[in-house]
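I opened this model to look up how its strands, cores and aromatic rings fit together. Here are my notebook entries, in the order I made them.

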Amino acid sequence: MANSKPTKKKAPSSPDETEQQALTKKRATEKPAAEKSQPKQNTAKQTAKTKAEAAPKKRRPRKKRVSHAKGKPAKTAKTKVPSKEKLKKTKGKVKEPHREKVVVFDKTTIRFYLIAVAAVVVLLTLAASILSPSAFRKVFRNTPVDRNGLVMRVGDYKVMADEFKMQVLPGKYKYETIYGASYWSAHPTDDVAYVEEMSRQLIQKYAYFAWAKELGIALTDADRRQIDANIEAYIYSEYGGSYDSFLRMLDANYCTADLFTRLAYNNELIQRVRNAFLASPAAKVTDEDVKTHAIEKGVLCIKEIYFAVDEDMSETDVAAQQALAESVLARIQNGEDFDTLMRQYTNTAVESGESGYAFEPGSYITEVEEATKALEVGGISDVIASSMGFHIVIRLEPDYKNFSLYNDYVEEVKEARIAAKLVALSEQINIEFGAGYQYIKVADIKWNHKYPQTGTSTPLPEITEETHDHDHAEDAQTTETDSEAGTVDE
């Protein structure tokens with residue numbers, strides 16, 4: 001075949017060239033070591049991620065959600081999608097197994113935590129002590145019964161710790177003087193009863209404020225200024241103007257200058273309420289009111305023939321007095337007039353008079369009182385022996401219009417009506433107690449005197465708007481005269 005072209009045969013390659021080609025082919029067919037070591041699952045994920053990256057992203061149209069509350073489209077939460085650069089960085093990497101971190105504290109950190117724990121313990125201890133009964137008692141011992149010093153609220157009036165102390169301490173120290181300093185600790189029931197009684201007295205006292213509101217009575221600023229001036233006048237007249245001496249007197253009476261002024265305002269308001277009541281028709285007392293009051297108190301009335309016995313008298317003289325009493329009783333029983341014999345033989349300070357001597361139970365000689373109770377009205381006793389001598393009595397019906405206790409009972413009836421009004425008001429008004437009231441103990445209430453005590457003290461004066469008003473005017477006039485004369489030191 002003449003037209004056929006001869007084929008070119010490649011020259012046989014050298015051994016080195018053939019080996020190089022085989023190595024290149026092998027490298028092309030083998031997978032990288034990193035891909036072999038990668039798990040199949042990761043390879044599949046990477047393939048999926050690669051396809052996802054290569055494919056165009058289709059965004060779904062978002063539906064606008066309307067908020068029913070405001071009528072505006074609600075905001076949709078954005079989903080964080082990893083960026084392509086982050087995916088490239090993590091591609092082909094093997095995740096390391098999770099290892100727990102070991103926290104190592106240095107000395108500074110340990111010291112800080114110890115201090116913090118100690119501070120928490122201290123705070124908890126303080127909180128527990130503040131909430132404990134003993135802590136309330138310690139707080140009250142120093143100043144207030146709670147953080148604001150409030151013991152109780154009677155209507156609109158606040159009874160503070162200083163006033164409550166002043167109410168409690170005189171009786172407390174009186175009991176301790178008689179029965180010993182440990183009396184209240186040894187008698188907890190009496191402790192509670194005493195606190196309740198002092199509280200009741202304060203409640204009834206400041207029910208006057210509710211009564212004042214009913215009557216439309218109140219103090220003005222001018223009234224208070226006048227009371228302040230009267231206090232200054234009192235200090236000037238009683239202590240020569242020495243404020244320090246005045247404070248010593250207050251301290252001896254468990255009082256302070258601020259409390260004294262508040263009490264002066266309170267007393268003025270209370271006095272005005274009392275005056276308004278006493279001037280009203282409700283305060284009028286009749287003879288029948290006095291009689292009813294006397295009967296309720298069990299008043300006894302007697303005429304008495306008294307044969308006195310003296311301690312210096314001999315037994316013979318005492319026997320003679322007794323014999324005389326027996327003879328006089330026999331004469332009365334034989335019909336002689338009791339009044340005539342009384343005027344003849346009685347040597348006593350008791351002024352029986354024609355209407356007799358009236359007395360309340362417990363206010364006269366015990367033996368005579370018991371014998372009188374055993375008698376009917378008009379009855380005559382036997383000879384009654386007592387430590388004071390011998391007695392013969394006749395029981396009478398009291399003359400309630402003329403007897404010696406009439407005027408006293410008129411005042412007592414008025415005071416009873418005032419007390420009844422205050423009790424009724426105290427049941428109506430709102431009464432609130434301080435946070436620590438239930439923990440008050442008489443044994444814990446103390447007063448730290450700021451001045452040395454001499455053992456005797458002047459009682460607190462009762463300062464009102466009219467107190468020392470005249471004296472203060474005279475003092476002011478004298479001072480003005482001295483000033484004109486040039487004798488007042490500046």
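**Entry 1: strand 3 and its partners**

I began at A308, and I found its bridge partner in strand 6 to be G389. A note to self before going on: this is a predicted model. Strand 3 and strand 6 (residues 389-396) run antiparallel and are paired over eight bridges. I then looked for a second partner and found strand 4 (residues 357-359), which is also antiparallel to strand 3 and is joined to it by three bridges. I checked how covered strand 3 (residues 300-308) is, and eight of its nine residues are buried. As a reminder for myself, strands of a sheet pair through backbone hydrogen bonds, either parallel or antiparallel.

**Entry 2: L300**

Next I picked L300, which sits in strand 3. Is L300 buried or exposed? Its relative accessible area is 4%, so I noted L300 as buried. Its bridge partner in strand 4 is F359. I looked up the distance too: the C-alpha atoms of L300 and F359 are separated by 5.5 Å, although the two residues are 59 residues apart along the chain. Leaving out residues up to four places away in sequence, I listed what L300 touches: Y357, A358, F359, E369, T372, K373 and R395.

**Entry 3: helix 17**

E369 and T372 had turned up among the contacts of L300, and that took me to helix 17 (residues 366-373). Which residues of helix 17 are buried? I found V368, E369 and T372. Seen down the axis of helix 17, these buried residues fall within an arc of 100 degrees, so they line one face of the helix. I then asked what the buried residues of helix 17 pack against, and the list is strand 3, strand 4, strand 5 (384-386) and strand 6.

**Entry 4: F359 and Y364**

I went back to F359 for its ring. F359 and Y364 form a tilted aromatic pair, with 5.1 Å centre to centre and 40 degrees between the planes. F359 is buried at a relative accessible area of 2%. Y364 has 15% relative accessibility and counts as buried, because the cut-off is under 20%.

**Entry 5: the other aromatic rings**

How many aromatic pairs does a search of the whole structure find? I noted 24. One of them is Y254 with W447, an edge-to-face pair at 6.3 Å centre to centre and 80 degrees between the planes. Y254 is in the loop between helix 12 (243-252) and helix 13, while W447 is in the loop between strand 7 and helix 19 (469-485), so this pair ties together parts that are 193 residues apart in sequence. I checked both for burial: Y254 is buried with a relative accessible area of 14%, and W447 is buried with 15%. I also wrote down one aromatic cluster, formed by Y175, Y179, Y183, W184 and Y194.

**Entry 6: the three-stranded sheet**

I turned to the open sheet, where three strands are arranged in the order 2-1-7 with antiparallel pairing. Which strands are at the edges? They are strand 2 (157-160) and strand 7 (431-433), each pairing on one side only. Neighbouring strands of this sheet are turned by 15 degrees against each other on average, direction ignored. Strand 1 (residues 150-154) pairs with strand 7 over three bridges, and V154 has I431 as its bridge partner in strand 7.

**Entry 7: the cores**

I looked up the largest nonpolar core, and it has 54 residues. M152, F164, W211, I231 and F246 have the most contacts inside it. Helix 13 (residues 257-278) gives the most to this core, with nine residues. I also found a second, separate core of 14 residues, including C301, F307, I332 and I392.

I followed M152 further, setting aside its neighbours within four places in sequence. Among its contacts are Y157, V159, F164, I203, F433 and Y437.

**Entry 8: N266**

My last stop was N266, which has its place in helix 13. N266 is buried, with a relative accessible area of 7%. Not counting residues up to four places away in sequence, N266 touches Y157, Y206 and F209. Y157 is thus on two of my lists, as a contact of N266 and as a contact of M152.

Key:
Residues are numbered from 1 along each chain as its sequence is written. This is a predicted model: local features need pLDDT of at least 70, side-chain atom pairs count only at pLDDT 80 or more; totals for chains, interfaces and linings use all residues. Side-chain values use heavy atoms; hydrogens and water are left out. Buried means under 20% relative accessible area, exposed over 50%, partly exposed in between (1.4 Å probe, protein chains only). Helices (H or I, at least four residues) and strands (E, at least two) are DSSP runs, numbered from the N terminus. Two strands pair if DSSP finds at least two bridges between them. A nonpolar core is a set of buried Ala, Val, Leu, Ile, Met, Phe, Trp, Tyr and Cys residues joined through side-chain atoms within 4.5 Å. Contact means heavy atoms within 4.5 Å. The arc is that of the directions from the helix axis to the C-beta atoms. Axes are lines fitted to C-alpha atoms, for helices over the stretch in contact, and angles run from 0 to 180 degrees between N-to-C directions. Rings of Phe, Tyr and Trp (its six-membered ring) pair if their centres lie within 6.5 Å; planes under 30 degrees apart count as stacked, over 60 as edge-to-face and the rest as tilted.
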